[in-house]
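Dear colleague,

Please find the structure below, handed over for your own inspection. My notes on what was found in it follow directly after.

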Amino acid sequence: MTLSEFFHMGGYAFYVWTAYGITLVVLLINILLPMQQHHKQLNRIARRVRRQRRNL
Amino acid sequence: MIRYLHQLGSAPRFYSFSTSLLPWLSAACIVLLLAGLYGGLVMAPTDYQQGDSYRIIYIHVPSAWMSLFIYMVMAAAGVVGLVWHIKLAEIISISSAPIGAAFAFLALVTGSLWGKPMWGAWWVWDARLTSELLLLFLYLGVIALYGAIEDKRNASRAAAILALVGVVNIPIIHYSVEWWNTLHQGPTVTKFDAPSIHVSMLVPLLLMALAFKLYYAIAVLLRARCELLVRERNSAWAAELVTERVKGKS
(Lines give C-alpha, C1' and ligand atoms only; values in the text may rest on other atoms or scores of the structure.)
Protein backbone atom coordinates (compact mmCIF):
# COMPACT_ATOMS: atom_id res chain seq x y z
CA MET A 1 0.00 0.00 0.00
CA THR A 2 1.37 3.40 -0.92
CA LEU A 3 1.03 6.50 1.21
CA SER A 4 -1.43 8.18 -1.16
CA GLU A 5 -3.58 5.03 -1.17
CA PHE A 6 -3.53 5.12 2.62
CA PHE A 7 -4.80 8.71 2.70
CA HIS A 8 -7.33 7.99 -0.04
CA MET A 9 -9.02 5.26 2.08
CA GLY A 10 -10.60 3.63 -0.94
CA GLY A 11 -12.60 6.79 -1.71
CA TYR A 12 -13.93 7.19 1.84
CA ALA A 13 -11.15 9.59 2.90
CA PHE A 14 -13.56 12.38 3.91
CA TYR A 15 -15.65 10.16 6.20
CA VAL A 16 -12.78 8.22 7.74
CA TRP A 17 -10.45 11.15 8.37
CA THR A 18 -13.21 13.46 9.61
CA ALA A 19 -14.26 10.78 12.12
CA TYR A 20 -10.67 10.29 13.32
CA GLY A 21 -10.02 14.04 13.39
CA ILE A 22 -13.09 14.86 15.50
CA THR A 23 -12.25 12.01 17.87
CA LEU A 24 -8.70 13.31 18.31
CA VAL A 25 -9.91 16.85 19.04
CA VAL A 26 -12.57 15.77 21.56
CA LEU A 27 -10.19 13.42 23.38
CA LEU A 28 -7.46 16.09 23.57
CA ILE A 29 -9.89 18.72 24.91
CA ASN A 30 -10.92 16.31 27.67
CA ILE A 31 -7.29 16.05 28.79
CA LEU A 32 -6.13 19.65 28.34
CA LEU A 33 -9.13 21.36 29.95
CA PRO A 34 -8.85 19.59 33.34
CA MET A 35 -5.06 20.10 33.31
CA GLN A 36 -5.53 23.83 32.79
CA GLN A 37 -8.19 24.00 35.53
CA HIS A 38 -5.92 22.07 37.87
CA HIS A 39 -3.13 24.54 37.30
CA LYS A 40 -5.47 27.49 37.90
CA GLN A 41 -6.79 25.94 41.11
CA LEU A 42 -3.27 25.37 42.46
CA ASN A 43 -2.41 29.01 41.77
CA ARG A 44 -5.62 30.14 43.46
CA ILE A 45 -4.76 28.17 46.61
CA ALA A 46 -1.18 29.47 46.52
CA ARG A 47 -2.47 33.07 46.43
CA ARG A 48 -4.74 32.43 49.42
CA VAL A 49 -1.90 30.86 51.40
CA ARG A 50 0.39 33.82 50.68
CA ARG A 51 -2.34 36.27 51.68
CA GLN A 52 -2.92 34.49 54.98
CA ARG A 53 0.81 34.40 55.77
CA ARG A 54 1.06 38.14 55.25
CA ASN A 55 -1.88 38.78 57.56
CA LEU A 56 -0.40 36.72 60.39
CA MET B 1 -6.81 -4.35 52.62
CA ILE B 2 -9.75 -2.45 54.15
CA ARG B 3 -7.28 -0.13 55.83
CA TYR B 4 -5.45 0.39 52.56
CA LEU B 5 -8.69 1.30 50.81
CA HIS B 6 -9.60 3.63 53.63
CA GLN B 7 -6.27 5.40 53.35
CA LEU B 8 -6.69 5.71 49.61
CA GLY B 9 -10.10 7.24 50.30
CA SER B 10 -8.52 10.11 52.21
CA ALA B 11 -8.13 13.19 50.06
CA PRO B 12 -4.35 13.81 50.20
CA ARG B 13 -3.60 10.11 49.72
CA PHE B 14 -5.81 9.94 46.66
CA TYR B 15 -4.29 13.10 45.28
CA SER B 16 -0.68 11.89 45.51
CA PHE B 17 -1.65 8.37 44.39
CA SER B 18 -3.36 9.63 41.22
CA THR B 19 -0.49 12.01 40.50
CA SER B 20 2.04 9.19 40.62
CA LEU B 21 -0.20 6.87 38.58
CA LEU B 22 -0.84 9.29 35.69
CA PRO B 23 2.51 9.02 33.81
CA TRP B 24 2.30 5.20 33.75
CA LEU B 25 -1.28 5.20 32.55
CA SER B 26 -0.46 7.77 29.86
CA ALA B 27 2.51 5.76 28.56
CA ALA B 28 0.47 2.54 28.40
CA CYS B 29 -2.43 4.35 26.74
CA ILE B 30 -0.24 5.90 24.02
CA VAL B 31 1.44 2.57 23.21
CA LEU B 32 -1.92 0.77 22.93
CA LEU B 33 -3.40 3.61 20.90
CA LEU B 34 -0.54 3.61 18.38
CA ALA B 35 -0.62 -0.19 18.09
CA GLY B 36 -4.40 -0.16 17.63
CA LEU B 37 -4.30 2.62 15.03
CA TYR B 38 -1.52 0.93 13.07
CA GLY B 39 -3.35 -2.38 13.17
CA GLY B 40 -6.69 -0.82 12.28
CA LEU B 41 -5.70 1.69 9.63
CA VAL B 42 -2.72 -0.05 8.00
CA MET B 43 -2.60 -3.77 8.75
CA ALA B 44 -6.27 -4.78 8.72
CA PRO B 45 -7.60 -5.78 5.30
CA THR B 46 -10.29 -3.83 3.46
CA ASP B 47 -13.81 -5.05 4.14
CA TYR B 48 -15.31 -6.86 1.13
CA GLN B 49 -18.71 -5.16 1.55
CA GLN B 50 -17.99 -1.77 3.09
CA GLY B 51 -14.56 -0.99 1.62
CA ASP B 52 -12.33 1.18 3.76
CA SER B 53 -15.23 3.08 5.34
CA TYR B 54 -15.53 0.28 7.91
CA ARG B 55 -12.27 1.52 9.48
CA ILE B 56 -14.38 4.00 11.43
CA ILE B 57 -15.28 0.95 13.54
CA TYR B 58 -11.98 1.32 15.42
CA ILE B 59 -13.16 4.53 17.05
CA HIS B 60 -16.93 4.13 16.76
CA VAL B 61 -17.34 0.85 18.64
CA PRO B 62 -14.84 1.60 21.47
CA SER B 63 -16.53 5.02 21.93
CA ALA B 64 -19.95 3.42 22.14
CA TRP B 65 -18.69 0.78 24.60
CA MET B 66 -17.08 3.46 26.73
CA SER B 67 -20.24 5.58 26.75
CA LEU B 68 -22.07 2.62 28.32
CA PHE B 69 -19.23 1.55 30.62
CA ILE B 70 -18.69 5.06 31.98
CA TYR B 71 -22.41 5.45 32.61
CA MET B 72 -22.35 2.30 34.75
CA VAL B 73 -19.28 3.57 36.65
CA MET B 74 -20.95 6.94 37.15
CA ALA B 75 -24.17 5.35 38.47
CA ALA B 76 -22.32 2.81 40.67
CA ALA B 77 -20.05 5.47 42.18
CA GLY B 78 -23.13 7.64 42.64
CA VAL B 79 -24.85 4.88 44.65
CA VAL B 80 -21.74 4.39 46.82
CA GLY B 81 -21.73 8.13 47.46
CA LEU B 82 -25.46 8.16 48.26
CA VAL B 83 -25.40 5.20 50.65
CA TRP B 84 -22.04 5.54 52.42
CA HIS B 85 -21.48 9.27 51.94
CA ILE B 86 -17.99 8.70 50.58
CA LYS B 87 -16.79 11.98 49.16
CA LEU B 88 -14.35 10.38 46.75
CA ALA B 89 -17.13 8.26 45.19
CA GLU B 90 -19.19 11.41 44.63
CA ILE B 91 -16.21 13.02 42.93
CA ILE B 92 -15.50 10.00 40.71
CA SER B 93 -19.18 9.89 39.75
CA ILE B 94 -19.47 13.51 38.66
CA SER B 95 -15.99 13.55 37.07
CA SER B 96 -17.09 10.67 34.85
CA ALA B 97 -20.07 12.53 33.41
CA PRO B 98 -18.29 14.87 30.93
CA ILE B 99 -16.04 12.05 29.70
CA GLY B 100 -19.03 9.77 29.18
CA ALA B 101 -20.82 12.57 27.38
CA ALA B 102 -17.79 13.03 25.11
CA PHE B 103 -17.81 9.32 24.22
CA ALA B 104 -21.57 9.28 23.59
CA PHE B 105 -21.10 12.30 21.33
CA LEU B 106 -18.22 10.59 19.50
CA ALA B 107 -20.22 7.38 19.07
CA LEU B 108 -23.02 9.40 17.46
CA VAL B 109 -20.78 11.56 15.25
CA THR B 110 -18.52 8.74 14.02
CA GLY B 111 -21.63 6.60 13.52
CA SER B 112 -23.13 9.38 11.45
CA LEU B 113 -19.96 9.65 9.34
CA TRP B 114 -20.12 5.89 8.81
CA GLY B 115 -23.85 5.87 8.16
CA LYS B 116 -23.75 8.48 5.42
CA PRO B 117 -21.70 6.44 2.90
CA MET B 118 -23.19 3.06 3.97
CA TRP B 119 -26.87 3.83 4.58
CA GLY B 120 -27.08 7.04 2.55
CA ALA B 121 -28.23 9.09 5.54
CA TRP B 122 -26.46 11.00 8.31
CA TRP B 123 -29.20 10.13 10.76
CA VAL B 124 -32.15 7.77 11.02
CA TRP B 125 -34.52 7.35 13.97
CA ASP B 126 -33.30 3.83 14.49
CA ALA B 127 -33.66 2.30 17.97
CA ARG B 128 -29.91 2.09 18.59
CA LEU B 129 -29.24 5.65 17.49
CA THR B 130 -32.19 7.09 19.38
CA SER B 131 -31.33 5.34 22.65
CA GLU B 132 -27.69 6.45 22.35
CA LEU B 133 -28.88 10.03 21.82
CA LEU B 134 -30.96 9.66 24.97
CA LEU B 135 -27.79 8.54 26.78
CA LEU B 136 -26.03 11.73 25.69
CA PHE B 137 -28.97 13.79 27.03
CA LEU B 138 -28.83 11.87 30.33
CA TYR B 139 -25.15 12.74 30.69
CA LEU B 140 -25.88 16.39 29.93
CA GLY B 141 -28.76 16.31 32.42
CA VAL B 142 -26.48 14.96 35.17
CA ILE B 143 -23.87 17.65 34.44
CA ALA B 144 -26.48 20.44 34.36
CA LEU B 145 -28.18 19.26 37.57
CA TYR B 146 -24.85 19.08 39.40
CA GLY B 147 -23.93 22.55 38.20
CA ALA B 148 -27.27 24.04 39.19
CA ILE B 149 -27.01 23.19 42.91
CA GLU B 150 -24.68 25.36 44.97
CA ASP B 151 -23.85 22.92 47.78
CA LYS B 152 -21.71 20.22 46.15
CA ARG B 153 -22.69 17.44 48.59
CA ASN B 154 -26.37 18.00 47.78
CA ALA B 155 -25.57 18.41 44.09
CA SER B 156 -23.81 15.01 44.10
CA ARG B 157 -26.83 13.37 45.70
CA ALA B 158 -29.27 14.81 43.17
CA ALA B 159 -27.00 13.94 40.22
CA ALA B 160 -26.57 10.37 41.52
CA ILE B 161 -30.34 9.85 41.69
CA LEU B 162 -30.78 11.10 38.13
CA ALA B 163 -27.91 8.85 36.97
CA LEU B 164 -29.53 5.90 38.74
CA VAL B 165 -32.89 6.47 37.04
CA GLY B 166 -31.12 6.62 33.67
CA VAL B 167 -29.59 3.16 34.14
CA VAL B 168 -32.83 1.77 32.66
CA ASN B 169 -31.59 3.06 29.28
CA ILE B 170 -28.42 0.92 29.32
CA PRO B 171 -29.98 -2.51 28.56
CA ILE B 172 -32.25 -0.78 26.04
CA ILE B 173 -29.20 0.45 24.11
CA HIS B 174 -27.46 -2.90 24.38
CA TYR B 175 -30.38 -5.02 23.16
CA SER B 176 -31.87 -2.43 20.78
CA VAL B 177 -30.34 -4.08 17.71
CA GLU B 178 -31.94 -7.40 18.67
CA TRP B 179 -35.33 -6.15 19.85
CA TRP B 180 -35.95 -3.83 16.95
CA ASN B 181 -34.63 -5.05 13.65
CA THR B 182 -33.93 -1.72 12.01
CA LEU B 183 -31.00 -0.25 10.13
CA HIS B 184 -28.14 -0.52 12.63
CA GLN B 185 -26.18 -3.72 12.16
CA GLY B 186 -26.17 -6.38 14.86
CA PRO B 187 -23.29 -7.00 17.26
CA THR B 188 -20.15 -8.41 15.67
CA VAL B 189 -17.99 -8.95 18.73
CA THR B 190 -20.12 -9.62 21.80
CA LYS B 191 -22.13 -12.48 20.35
CA PHE B 192 -22.08 -15.60 22.48
CA ASP B 193 -20.85 -17.80 19.67
CA ALA B 194 -17.66 -16.94 17.82
CA PRO B 195 -17.48 -13.28 16.83
CA SER B 196 -18.25 -12.70 13.14
CA ILE B 197 -15.13 -10.67 12.50
CA HIS B 198 -11.74 -11.80 11.30
CA VAL B 199 -8.93 -11.85 13.83
CA SER B 200 -6.84 -9.31 11.87
CA MET B 201 -9.74 -6.87 12.26
CA LEU B 202 -10.65 -7.92 15.81
CA VAL B 203 -7.21 -7.49 17.44
CA PRO B 204 -6.87 -3.76 16.59
CA LEU B 205 -10.46 -3.23 17.78
CA LEU B 206 -9.68 -4.79 21.15
CA LEU B 207 -6.44 -2.78 21.38
CA MET B 208 -8.37 0.42 20.72
CA ALA B 209 -11.01 -0.56 23.28
CA LEU B 210 -8.30 -1.10 25.88
CA ALA B 211 -6.60 2.18 24.96
CA PHE B 212 -9.94 4.01 25.39
CA LYS B 213 -10.40 2.37 28.82
CA LEU B 214 -6.99 3.67 29.89
CA TYR B 215 -7.83 7.05 28.42
CA TYR B 216 -10.93 7.14 30.61
CA ALA B 217 -8.82 6.27 33.66
CA ILE B 218 -6.47 9.15 32.86
CA ALA B 219 -9.22 11.65 32.12
CA VAL B 220 -11.26 10.75 35.20
CA LEU B 221 -8.21 10.98 37.50
CA LEU B 222 -7.34 14.40 36.05
CA ARG B 223 -10.87 15.67 36.62
CA ALA B 224 -11.24 14.04 40.04
CA ARG B 225 -7.93 15.51 41.21
CA CYS B 226 -9.08 18.95 40.14
CA GLU B 227 -12.55 18.62 41.70
CA LEU B 228 -10.97 17.38 44.94
CA LEU B 229 -8.73 20.42 45.05
CA VAL B 230 -11.71 22.73 44.50
CA ARG B 231 -13.74 21.12 47.28
CA GLU B 232 -10.80 20.98 49.70
CA ARG B 233 -9.31 24.34 48.79
CA ASN B 234 -9.33 25.53 52.41
CA SER B 235 -7.81 22.37 53.89
CA ALA B 236 -4.39 22.12 55.49
CA TRP B 237 -3.15 19.51 53.00
CA ALA B 238 -3.98 21.73 50.02
CA ALA B 239 -1.95 24.57 51.58
CA GLU B 240 0.91 22.16 52.23
CA LEU B 241 0.72 20.94 48.63
CA VAL B 242 1.18 24.38 47.10
CA THR B 243 3.95 25.26 49.56
CA GLU B 244 5.87 22.14 48.57
CA ARG B 245 5.24 22.91 44.92
CA VAL B 246 6.77 26.39 45.27
CA LYS B 247 9.77 24.89 47.07
CA GLY B 248 10.23 22.33 44.32
CA LYS B 249 10.30 25.07 41.69
CA SER B 250 12.86 27.33 43.38
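To begin with the second largest pocket, its lining residues divide into 18 nonpolar and three polar, with no charged residue among them; please bear in mind throughout that this is a predicted model. The volume of this pocket comes to about 510 Å³, and of the 21 residues that line it, those closest to its centre are Leu24(A), Leu27(A) and Leu28(A) from one chain, with Leu33(B) and Tyr215(B) from the other. Two or more residues apiece are given to this lining by helix 2 of chain A and by helix 2 (11–43) and helix 8 (199–231) of chain B, and the largest share, eight residues, comes from helix 2 of chain A.

That helix, which spans residues 13–55 of chain A, also holds Thr23(A). Thr23(A) has a relative accessible area of 4% and is therefore classed as buried, the cut-off being under 20%. Leaving aside residues up to four places away in sequence, Thr23(A) touches Ile59(B), Leu106(B), Thr110(B) and Phe212(B).

As for enclosed space, the structure holds two cavities of 30 Å³ or more, and the largest cavity contains about 70 Å³. Its lining includes Gly78(B), Glu90(B), Ser156(B) and Arg157(B), and the elements that each contribute two or more residues are helix 3 (57–84), helix 4 (87–119) and helix 6 (152–166) of chain B. Helix 6 of chain B gives the most, with four residues. By class, the lining of the largest cavity has four nonpolar, four polar and two charged residues.

With best regards

How values were computed:
Residues are numbered from 1 along each chain as its sequence is written. Chains are lettered from A and ligands numbered from 1 in the order in which they are written. This is a predicted model: local features need pLDDT of at least 70, side-chain atom pairs count only at pLDDT 80 or more; totals for chains, interfaces and linings use all residues. Side-chain values use heavy atoms; hydrogens and water are left out. On a 1 Å grid over the protein atoms alone, a cavity is a set of points where a 1.4 Å probe fits but cannot get out, and a pocket is an open set with protein on both sides within 12 Å along at least five of seven lines; lining residues have an atom within 4 Å of a point. Grid points are joined across faces, edges and corners, and a volume is the space filled by probe spheres set on the points. Ala, Val, Leu, Ile, Met, Phe, Trp, Tyr, Cys and Pro count as nonpolar, Asp, Glu, Lys and Arg as charged, and the others, Gly among them, as polar. Buried means under 20% relative accessible area, exposed over 50%, partly exposed in between (1.4 Å probe, protein chains only). Contact means heavy atoms within 4.5 Å.
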